[in-house]
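The following exercises invite the reader to examine a structure step by step. Each task is followed by a worked solution.

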Amino acid sequence: IIKYYKDLYNVILNEDEVLITIGSKAAIVDIIPAICNFNDSIIITEPSYPIYKSVSSLWGVHYNKIPITKANNYLPNLNIDDRILKESKMLLINYPNNPTGAVANDKLFNELIELAHKYDLVLVNDGAYNEIVFNREPISLLQYDKYKEAVEIGSFSKIFNMTGFRIGYVVGNK
């Protein structure tokens with residue numbers, strides 16, 4: 001994974017910035033309670049991978065939804081209510097996005113990092129589909145976060161066509 005991130009994204013990771021998981025779903029199940037306590041809040045995009053809502057509910061974490069719409073190329077509108085931003089602990093995104101197929105761009109990742117810094121949010125990108133992009137190079141959230149304060153979840157299941165193997169990872173802020 002260290003070599004993979006270096007070769008694909010030119011992101012340097014250390015061993016203590018990589019965690020191997022049993023697929024990306026396990027990473028999502030683990031990261032929410034690692035960051036949040038019972039009754040804390042997170043922000044997710046809508047539509048989203050259903051596991052975000054069910055895992056949040058399982059751990060007693062509230063979720064606030066920000067819409068992703070065709071009018072905005074399925075990228076989130078970051079005009080989020082200040083109250084929601086202040087009460088939230090985590091901002092969970094998914095780019096390249098499932099189910100829309102939207103791919104994040106430089107502007108979005110930079111704005112998300114700035115927002116996370118301003119409101120002390122842990123920014124998490126579920127990048128399970130990171131290499132499934134067309135007419136452009138894949139990008140990683142960590143290419144934009146030079147301090148690696150964010151984390152990115154990945155999966156080899158999708159990009160290497162081995163869904164039954166359940167090999168995932170979390171990289172970034174140790």
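On a 1 Å grid over the protein atoms alone, a cavity is a set of points where a 1.4 Å probe fits but cannot get out, and a pocket is an open set with protein on both sides within 12 Å along at least five of seven lines; lining residues have an atom within 4 Å of a point. The model is predicted, so local features need pLDDT of at least 70 and side-chain atom pairs count only at pLDDT 80 or more, while totals for chains, interfaces and linings use all residues. Residues are numbered from 1 along each chain as its sequence is written, and side-chain values use heavy atoms, with hydrogens and water left out.

**Exercise 1. Describe the largest cavity and its lining.**

Step 1. The search of the whole structure yields 1 cavity of 30 Å³ or more.
Step 2. The volume of the largest cavity is about 40 Å³; a volume is the space filled by probe spheres set on the points, which are joined across faces, edges and corners.
Step 3. Its lining consists of Tyr95, Pro96, Val103, Ala104, Phe109, Asn130, Val133, Pro138 and Ile139.
Step 4. This lining has 8 nonpolar residues, 1 polar residue and no charged residues. Here Ala, Val, Leu, Ile, Met, Phe, Trp, Tyr, Cys and Pro count as nonpolar, Asp, Glu, Lys and Arg as charged, and the others, Gly among them, as polar.

**Exercise 2. Establish the strand order of the sheet.**

Step 1. Strands (E, at least two residues) and helices (H or I, at least four) are DSSP runs, numbered from the N terminus. Two strands pair if DSSP finds at least two bridges between them.
Step 2. An open sheet of 7 strands has the order β1-β7-β6-β5-β4-β2-β3, with mixed pairing.
Step 3. β1 and β3 (62-67) are the edge strands, as each pairs on one side only.

**Exercise 3. Place strand β7 (residues 168-172) among its partners and state how far it is covered.**

Step 1. β7 pairs with β1 (residues 18-21) in the antiparallel sense over 4 bridges, and valine 170 is the bridge partner of leucine 19.
Step 2. β7 also pairs with β6 (residues 151-155), again antiparallel, over 5 bridges; glycine 172 is the bridge partner of valine 151.
Step 3. Of the 5 residues of β7, 5 are buried, where buried means under 20% relative accessible area, exposed over 50%, and partly exposed in between (1.4 Å probe, protein chains only).
Step 4. Gly168, Val170 and Gly172 lie on one side, Tyr169 and Val171 on the other, and both faces are covered.
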